[in-house]
Amino acid sequence: ARAMFKKHPYGTQPTLGTIEHLKNPSLKRIGEYYRAHYVPNNMCVAVAGDFERKPMLGFLERRLGGWKPAPFPEIKRWPLPPPGGAERAEIRYEAEEKVAVGWMAVPNKHPELDAVTMMSMVMDNGTAGIINVELNQKQKVKSAQAFAQSLNDAGGFYVIASPKTGQTLEQAEALLLECVDKLKAGDFPEELLAGAIANFEKSRKRQLEYNEARVNQMAMSFVNREEWEYSAAWLERLRKVKKEDVVRAARRYLGPDRVVVYRRQGKPDLPKITKPAFTKIAMDAERQSDFFRRIASLPAVPIEPRWVKEGADYTVSDRPFGRLYAGPNPMNDVFHLGIGFTDVGTRDEKELEAVMRLLDLSGAGEMTPRRFKERLFALGTSLYWGTNERWVFVGMDGLEKNLEESLRLVMDLFSRPNVEPGTLEKMADVALGAHQDNKK
């Protein structure tokens, strides 16, 4: 952040403050800042849940209506000079090495924000993005990722990689930039955009099952200074983004002006802070405030769980492959399918975890690993697994309309895995390198 935003608080003002701030905290300035900014006309109240609108508004008015508005400081504007060419920086750290490349992109509400959002998904969606299939799937580095960041004043786009054992940070950087070149050349299937929409739709529907996610969506609309209509139309705006929009955004923002940071193995030179002396406070464990006593005296109604019942909430049937438990999703059209194998685990088959990792790098039937991941992603389906000493679990979720095709793909993966030559050897090499880094 310091290298990217040299003259903006995004880079010059750490969250906790500088060392000098921490050495000399000013309670006076803390109080002044609080009184200037924490005023009701600079705040929002977001509420989600099972409540009646009028009584809730009345409750909020009684509790908060007495707060008096007050003028607060004008929002400042700071210069945002872009990097001049490839600006490089290094840090030392006693952990695995990493290289990060960053470009300045677009802030919130920018006309090209949606194109940059989709650009990020094309590069890294965790499954079938350019970095996923070119670097992680082919195990050219230990790990790699890409993501976009949008804030109110500015934004950024970042690609990050951890090199394999014997690989330099410069070599990992070159591989990242090769992926960026593929993005700018449009060397990716348009199907990735449809897959991104399907996955966004699935995740949004699952999020909105929870009050916390609904509240967060409303609160972030306020924090990002967006009209609610704009925030609520997020998915519909993304549906309109075309491949040419993504390529145009990549060519515009991912140019030669960038910041490159190497994290090399070594002992960091960290500043020291003398521990301040604190006045010891005698604590009386028996002492209680009036407020605590009022809270403690409130009646607590015991929670009455509603137990699900077979036949009403779910069905059980014996099939040739085992016992099937099934139930409808009353919230939305997102499915979840879990398959548990309870008669086998790593206690009996020590190679099971390696088998599952290898399957994660495999194709299915005639499909190459890349094509398999692209197709599963295009359907908006996620595949995951877990294993321990006594069982193996395979799970998948996605949009219900794509359940049957997704299941056929996954069955093909398990019955006809397509493992490219050398995959197992590379997997072992990456795992051993990671083990050595963990030891360091």
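Is Arg-248 buried, exposed or partly exposed? In this predicted model, the side chain turns out to sit in the middle class: Arg-248 is partly exposed, at a relative accessible area of 40%. Its salt-bridge partner is Asp-245, and the closest N and O atoms of the pair are 2.7 Å apart. Asp-245 itself falls on the other side of the line, since its relative accessible area is 18% and anything under 20% counts as buried. So this bridge links a buried acid to a partly exposed base. The spacing along the chain fits a helix: both residues belong to α12, which spans residues 243-253, and being three residues apart puts about one helical turn between Asp-245 and Arg-248.

A second helix offers a similar picture. In α15 (residues 369-378), Arg-371 and Glu-374 are also three residues apart, so about one helical turn separates them. Their side chains meet in a salt bridge with an N to O distance of 3.6 Å. Here, too, the acid is the buried partner: Glu-374 has a relative accessible area of just 8%, while Arg-371 comes out as partly exposed at 32%. This pair doesn't stand alone, though. Through salt bridges that share partners, Arg-371 and Glu-374 are joined into one network with Glu-134, Lys-138, Glu-191, Arg-370, Arg-375 and Glu-405.

Then there is the bridge between Lys-182 and Asp-187, whose side chains meet at 3.3 Å, N to O. Neither partner is buried in this case: Asp-187 is partly exposed, with 40% relative accessibility, and Lys-182 is partly exposed as well, at 27%. The pairs picked out here are part of a longer list, as a search of the whole structure turns up 31 salt bridges.

Away from the charged pairs, the surface also carries a nonpolar patch. Which residues make it up? Leu-16, Leu-22 and Ile-273 do, and together they give a patch of about 310 Å². Leu-16 lies in a loop, namely the one that runs between α1 (9-12) and α2 (19-23). With a relative accessible area of 71%, Leu-16 is exposed, so it clears the 30% cut-off that patch residues have to pass.

Terms used:
Residues are numbered from 1 along each chain as its sequence is written. This is a predicted model: local features need pLDDT of at least 70, side-chain atom pairs count only at pLDDT 80 or more; totals for chains, interfaces and linings use all residues. Side-chain values use heavy atoms; hydrogens and water are left out. A salt bridge is a side-chain nitrogen of Lys or Arg within 4 Å of a carboxyl oxygen of Asp or Glu. Buried means under 20% relative accessible area, exposed over 50%, partly exposed in between (1.4 Å probe, protein chains only). Helices (H or I, at least four residues) and strands (E, at least two) are DSSP runs, numbered from the N terminus. Patches are made of residues with over 30% relative accessible area and no salt bridge: like charges are joined within 9 Å, nonpolar side chains (Val, Leu, Ile, Met, Phe, Trp, Tyr) within 5 Å. Accessible areas come from the Shrake-Rupley method with a 1.4 Å probe; for residues, only the protein chains shown count as cover.
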